[in-house]
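Work through the exercises below with the sequence and the model open. Try each task before you read its solution.

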Amino acid sequence: CVRHENQAVMMADGYARTTGSVAVAAVTGGPGFTNALTAIGTAGRYGSRVIVIVGAGGIPTKQLPVRTFCEGLGVRALESTSPRDALENLDEALQRTLEHKLTVVTLPSTVLETPFSEPTPEKWVPNPVEPLTPEAEAVANLADFFEASIASSRPVILAGRGAAQSGAGPSLRKLGERIGAVMCTTLRAPGLFAEDPFDAGYCGTFSTGVASELLQRSDCVLAFGASLNKFTTYGDSLFGHARVIQIDNDSNAFGVHRLVDDELSIVGDVRLVADQLVEELDVRNVRSTGYRSDAVSEKIASYDPRAEFTDAGKADDGIDPRWLAAEVNSFLPENRVVTIDGGNHSAFWVRHLEVNDPHDFVQTSFVGGMSSIGLSMGAAIGAAVGRPDSVVVCCLGDASQMMALGELDTAVRYEIPLVVFVSNDQALGAEVHYLELMGIPADLVRVPAPGFAAVAESLGAEGMTVASEQDLEVVKKRLTQPIEGPIVIDCLVDPRVPADFLEFVFSKA
């Protein structure tokens with residue numbers, strides 16, 4: 001039992017994203033359903049394996065057109081009018097989760113109260129979703145391209161959501177070794193190439209300076225299950241004159257956001273395409289060092305995020321959020337699951353907190369979301385339930401924490417082990433910087449927040465405050481001890497530091 005329906009759905013979303021399993025959230029009809037709409041839209045756009053069950057009673061004021069609301073969010077809603085309907089709808093909803101499609105199922109009280117005299121249904125057995133096999137000729141054409149000695153000397157493999165969902169990581173790493181590619185991912189697939197010496201990290205608005213340099217020098221980009229939207233390509237400025245080849249199981253995805261090579265792009269499951277391309281290159285004995293040199297691997301390995309900025313923090317203004325995120329990354333346990341909210345602060349956590357697998361990362365605003373804040377607390381609780389052997393870290397802003405205070409109580413009641421970092425700049429940080437870019441006074445969105453350590457303690461959680469390097473050392477020492485419930489760390493950050501992506505988003509709006 002949770003405090004708010006929005007967070008209930010996000011708990012299911014966080015559980016599904018971090019475990020790969022199906023999760024179910026149940027909310028009441030009427031306002032319970034409308035309260036959950038932002039989370040339903042967020043989980044639906046991400047493609048979470050979530051079923052949302054919506055109750056419906058006889059109270060007229062609670063009777064709403066659920067299907068109409070859901071259609072506006074691009075979500076399918078199945079309405080039950082009898083017990084048989086309910087069973088068939090739940091069967092369909094479960095089947096749809098295999099395709100990563102969130103589904104809403106209504107279960108009115110009249111249906112739940114109707115006796116069901118038919119035989120008990122047998123255990124549901126899903127119909128497997130077969131991966132789409134690529135055409136052999138298309139794979140051969142791409143092999144021809146790499147067989148030509150002058151075709152590509154600086155290839156890049158870019159992996160997105162489709163690569164993560166198909167489990168293509170090992171296959172793409174083999175392909176990268178074969179063609180000599182530098183590896184990178186979108187926000188949908190962080191950690192897919194963890195520990196690969198040629199993993200440059202994120203591609204796009206969260207790229208490091210090293211990654212941006214390597215991407216801009218590339219002459220061929222193989223985009224596996226990535227949409228190539230403006231955030232991934234940084235407004236189509238990252239790939240220079242590179243030949244861009246798209247591999248996706250949906251041909252309608254080709255060229256939606258930028259021009260791609262139609263002759264070499266392939267329709268098919270990205271893991272199968274990678275496997276078959278490696279096999280074809282093996283048969284031809286084609287291998288290239290490509291972009292993989294000692295100089296490139298050393299450039300990636302020696303990257304220090306602190307070298308990209310001058311610490312802006314001052315004693316009176318708070319600590320630099322970039323420094324904070326980089327330091328926290330250095331001492332968090334390896335077995336971490338990271339959930340990150342929306343807002344100005346998120347850019348620093350996303351860029352600097354490393355994960356080892358896409359299932360270790362949940363971003364609730366940009367990654368398929370609705371640019372909402374306040375959702376990561378629910379996602380973190382769901383992740384903690386699904387991943388009890390991992391340390392679950394929740395990063396959110398002060399405004400987001402105020403929106404989610406009710407679920408801090410939920411975490412306390414259920415003794416959910418969480419480490420919560422609140423980036424407290426005493427404002428709606430993104431709005432402050434947007435208004436400043438527009439030349440508009442930002443006083444209205446500088447909203448003082450309470451001391452979250454004290455608030456956490458009042459709710460029964462553990463509270464800590466970070467306003468200096470020495471304070472963070474205390475946190476570091478604390479996290480070497482067992483975590484048996486929520487720990488809220490109120491980080492007093494410098495409000496003057498804008499996220500890199502804000503000016504880019506503002507210029508593209």
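**Exercise 1. How many cavities of 30 Å³ or more does a search of the whole structure find? Then describe the largest cavity and its lining.**

Step 1. Note that this is a predicted model. The search of the whole structure finds 1 cavity of 30 Å³ or more.

Step 2. Take its volume. The largest cavity holds about 30 Å³ of space.

Step 3. List the lining. The residues are R17, Y46, L187, R188, P190, P358, F361, V362, Q363 and V367.

Step 4. Sort them by type. The lining has 7 nonpolar residues, 1 polar and 2 charged.

Step 5. Find the main contributor. Strand β12, residues 361-363, gives the most to this lining, with 3 residues.

**Exercise 2. Describe the second largest pocket: its volume, its lining and the elements that build it.**

Step 1. Start with the volume. The second largest pocket contains about 910 Å³ of space.

Step 2. Go to the centre. The pocket is lined by 35 residues, and the closest to its centre are D199, A200, G201, Y303 and E354.

Step 3. Name the elements. Two or more lining residues come from each of β7 (199-202), α10 (209-216), α12 (294-301), α13 (321-331) and α14 (346-352). The largest share, 4 residues, belongs to β7.

Step 4. Sort the lining of this pocket. It divides into 18 nonpolar, 9 polar and 8 charged residues.

**Exercise 3. Check the length of helix α11, then describe its ends and its buried residues.**

Step 1. Compare the spans. Helix α11 covers residues 270-283, which is 14 residues. At 1.5 Å a residue it should span 20 Å, and the C-alpha atoms at its ends are 20 Å apart, so the two agree.

Step 2. Look at the N-terminal end. D269 caps it, with a side-chain oxygen 3.1 Å from the backbone nitrogen of R271.

Step 3. Look past the helix. N285 follows α11 and has a positive phi, near 55°.

Step 4. List the buried residues. In α11 these are V270, L272, V273, A274, L277, V278 and L281. Recall the geometry: an α-helix has 3.6 residues a turn, so residues three or four places apart point the same way.

Step 5. Find the cover. The elements over these buried residues include α7 (136-147), α8 (161-165), α9 (169-179), β8 (220-224), β9 (243-248) and β10 (266-267).

**Exercise 4. Place S207 and S376, and trace the polar contacts of each.**

Step 1. Place S207. It sits in the loop between β7 and α10. Its relative accessibility is 5%, so S207 counts as buried, the cut-off being under 20%.

Step 2. Trace its side chain. The side chain of S207 reaches the backbone oxygen of Y202 at 2.9 Å. A polar atom of that side chain also lies 2.6 Å from the backbone nitrogen of G204.

Step 3. Place S376. It belongs to helix α15, residues 376-386. With a relative accessible area of 0%, S376 is buried.

Step 4. Trace its partner. The side chains of S376 and D341 are joined by a polar contact of 2.8 Å. Leaving out residues up to four places away in sequence, S376 touches T339, I340, D341, T364, C394, C395 and L396.

**Exercise 5. Is A223 buried or exposed, and what does A223 touch?**

Step 1. Locate A223. It is found in strand β8.

Step 2. Read the accessibility. The relative accessible area of A223 is 0%, so A223 is buried.

Step 3. List its neighbours. Residues up to four places away in sequence aside, A223 touches L158, L228, I245, Q246 and I247.

Terms used. Residues numbered from 1 in each chain as written. Predicted model: local features only at pLDDT ≥ 70, side-chain atom pairs only at ≥ 80, totals over all residues. Heavy atoms only, no water. Expected span 1.5 Å × (residues − 1). Buried < 20%, exposed > 50% of the residue type's maximum accessible area, 1.4 Å probe, protein only. Contact = heavy atoms within 4.5 Å. Polar contact = N/O pair within 3.5 Å; in protein donor to acceptor, adjacent residues only side chain to side chain. 1 Å grid on protein atoms, 1.4 Å probe; cavity = no way out; pocket = protein on both sides within 12 Å on 5 of 7 lines; lining within 4 Å. Points joined across faces, edges and corners; volume = space filled by probe spheres on them. Nonpolar A, V, L, I, M, F, W, Y, C, P; charged D, E, K, R; others polar.
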